[in-house]
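I sat down with this model to look up a few helix contacts, a cysteine pair and some record entries. Here are my notes, in the order I made them.

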Amino acid sequence: MTTLMFILGIVVFAIGLAISIAWHELGHLSTAKLFGIRVPQYMVGFGPTVWSRQKGETEYGIKAIPLGGFIRMIGMFPPGQDGRIEARSTSPFRGMIEDARAAAFEELKPGDENRMFYTRKPWKRVIVMFAGPFMNLVLAVAIFLGVMMTFGAQAQTTTVGKVSDCVIQASEERTKCAKGDEDTPAKAAGLKAGDKIVAFDGERVEDWAALQADIRSNPGKQVTLTVERKGKELDLTTTLIKNQVSKTDGQGGYVEGKYVYAGFLGFTPAAGIVPLSFTESVDRMGDMMENGVESLISLPAKIPALWDATFGDGEREADSPMGVVGAARVGGEIFTMDIPATQQLATFLMLLAGFNLSLFLFNMLPLLPLDGGHIAGALWESLRRNAAKVLRRPDPGPFDVAKLMPVAYVVAGIFVCFTILVLIADVVNPVRIS
């Protein structure tokens with residue numbers, strides 16, 4: 001049964017991946033058609049075509065290898081200076097440029113002269129290229145917000161996880177009580193693990209951040225805690241003391257190595273799955289975006305550890321780069337976890353949302369052949385043409401992105417090598433969520 005569920009998780013992830021790719025390419029397709037660019041092909045996957053159907057001027061299909069997708073637009077690059085596709089050069093770099101230019105003019109038909117990608121204004125080309133990654137961002141945000149606002153997210157709650165026996169300053173490097181340490185107000189009040197604090201001094205509390213703020217802002221005050229214990233509510237009275245505690249980030253978390261003196265009760269809140277408000281969900285989403293950007297920036301620094309984990313005896317770090325195969329394995333693991341089915345579904349959806357967020361961030365890198373590279377080329381053309389207009393100089397014309405193809409091939413080669421490394425790592429030493 002476990003093996004079956006593992007396989008089911010992989011299959012469901014593959015379906016989710018295919019939907020994410022199709023959704024991405026739909027963004028390119030819809031905006032290209034909106035601006036009158038002819039699109040001969042819309043494909044999900046690479047390699048041999050498994051299924052396709054012609055509808056209008058576009059062939060829609062599915063290919064055998066579900067590791068990406070594409071749409072083919074005519075005229076991605078402008079022609080040579082003489083208006084024609086130049087003859088094949090013996091120079092390898094010039095050959096790359098001419099091959100890219102030739103491919104851009106494949107399937108050119110009469111009447112297509114004004115339907116080519118490069119003939120559109122730069123802002124339209126930016127929209128076409130940005131629309132794909134933007135669709136992944138929309139899907140990621142929709143899933144993140146939907147899961148966090150309905151099912152919830154892991155967070156500290158107002159339920160008591162553990163009651164501290166004695167008062168110890170946060171900066172002290174000890175966890176055990178010493179002779180002469182006074183009892184914590186929580187212990188003196190009779191607070192017990194499992195109690196849910198529902199009110200503080202008569203005011204109802206709904207979340208840990210609010211309760212934490214109430215406790216910290218009332219040092220020396222006698223307060224009444226209303227707790228829910230075994231289905232019944234009872235009031236406990238105690239006097240808060242002033243103690244050195246970790247500095248809070250304002251959302252219930254702590255700032256490592258920073259301390260303040262504030263009101264102190266003396267218990268550790270239990271963690272649980274808590275539905276978040278729209279504002280809280282947006283804040284969490286912002287944190288995930290920030291973490292995603294930081295992970296992308298730090299990616300090159302993680303390659304040595306990834307290599308050691310793949311070909312040496314190093315451990316595979318939890319934040320190690322992970323590819324499609326690794327993500328599919330995680331999807332399989334989620335379906336085998338001994339947790340409620342609703343939690344399995346929520347965890348799986350968060351994995352898919354994270355994958356879409358990564359697709360957005362990765363594709364926005366200003367490097368060819370990524371979407372961000374084409375966006376950068378269009379923006380540079382716009383800047384160059386507007387500068388010429390202001391300086392009353394001749395229009396320099398379209399920026400020939402094809403001239404950057406040698407760089408694009410180098411970048412693509414690096415990506416391929418990195419993808420192969422991650423693939424091997426995901427097979428021989430995968431990231432595990434347990």
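**Entry 1: α1 against α8.** I began with the handedness, and α1 passes α8 in a right-handed crossing. This is a predicted model, so I read everything here as computed. Helix α1 covers residues 2–34 and helix α8 covers residues 324–336. I found that their axes come within 7 Å and cross at roughly 130°. Angles from 115 to 145 degrees fall outside the perpendicular and antiparallel classes, and α1 and α8 are therefore oblique to each other.

Next I looked up who touches whom. On the α1 side I noted T2, M5, F6, L8, G9, I10, V12, F13 and L17. Their partners in α8 are V324, A327, A328, R329, G331, G332, E333, F335 and T336. Sorted by class, this contact has 11 nonpolar, 5 polar and 2 charged residues.

**Entry 2: α8 against α11.** I stayed with α8 and turned to helix α11, residues 405–428. The two helices pack with their axes 7 Å apart, at an angle of about 30°. An angle under 35 degrees counts as roughly parallel, so that is how α8 runs to α11. From α8, the residues V325, G326 and R329 meet L423, D426 and V427 in α11. I sorted these too and got 3 nonpolar, 1 polar and 2 charged. R329 caught my eye, as it appears in the α1 contact and also in the α11 contact.

**Entry 3: cysteines.** How many disulfides does the count come to? I get 1 disulfide, and it joins C166 to C177 with an S to S distance of 2.0 Å. The link is left-handed, with -105° about the S-S bond. Both C166 and C177 sit in the loop between β3 (153–163) and α4 (185–189), 11 residues apart.

**Entry 4: what the record says.** I then opened the UniProt entry, which is unreviewed, and it lists "domain: PDZ" for residues 143–231. In the model, that span is 25% helix and 29% strand, and its end C-alpha atoms are 34 Å apart.

The same kind of lookup for "transmembrane region" in UniProt (unreviewed entry) gave residues 6–23, 126–151, 259–279, 345–365 and 407–428. I checked two of these spans against the model. Residues 6–23 are 100% helix and 0% strand, with end C-alpha atoms 26 Å apart. Residues 345–365 are 90% helix and 0% strand, and there the end C-alpha atoms lie 31 Å apart.

Note on methods: Residues are numbered from 1 along each chain as its sequence is written. This is a predicted model: local features need pLDDT of at least 70, side-chain atom pairs count only at pLDDT 80 or more; totals for chains, interfaces and linings use all residues. Side-chain values use heavy atoms; hydrogens and water are left out. Axes are lines fitted to C-alpha atoms, for helices over the stretch in contact, and angles run from 0 to 180 degrees between N-to-C directions. Helices (H or I, at least four residues) and strands (E, at least two) are DSSP runs, numbered from the N terminus. Angles under 35 degrees count as roughly parallel, over 145 as roughly antiparallel, 65 to 115 as roughly perpendicular and the rest as oblique. A crossing is left-handed if the near helix is turned anticlockwise from the far one by less than a right angle, and right-handed if clockwise. Contact means heavy atoms within 4.5 Å. Ala, Val, Leu, Ile, Met, Phe, Trp, Tyr, Cys and Pro count as nonpolar, Asp, Glu, Lys and Arg as charged, and the others, Gly among them, as polar. UniProt positions are given in the numbering used here, feature names are shortened, and annotations may be inferred rather than shown by experiment. A disulfide is a pair of cysteine sulfur atoms within 2.5 Å.
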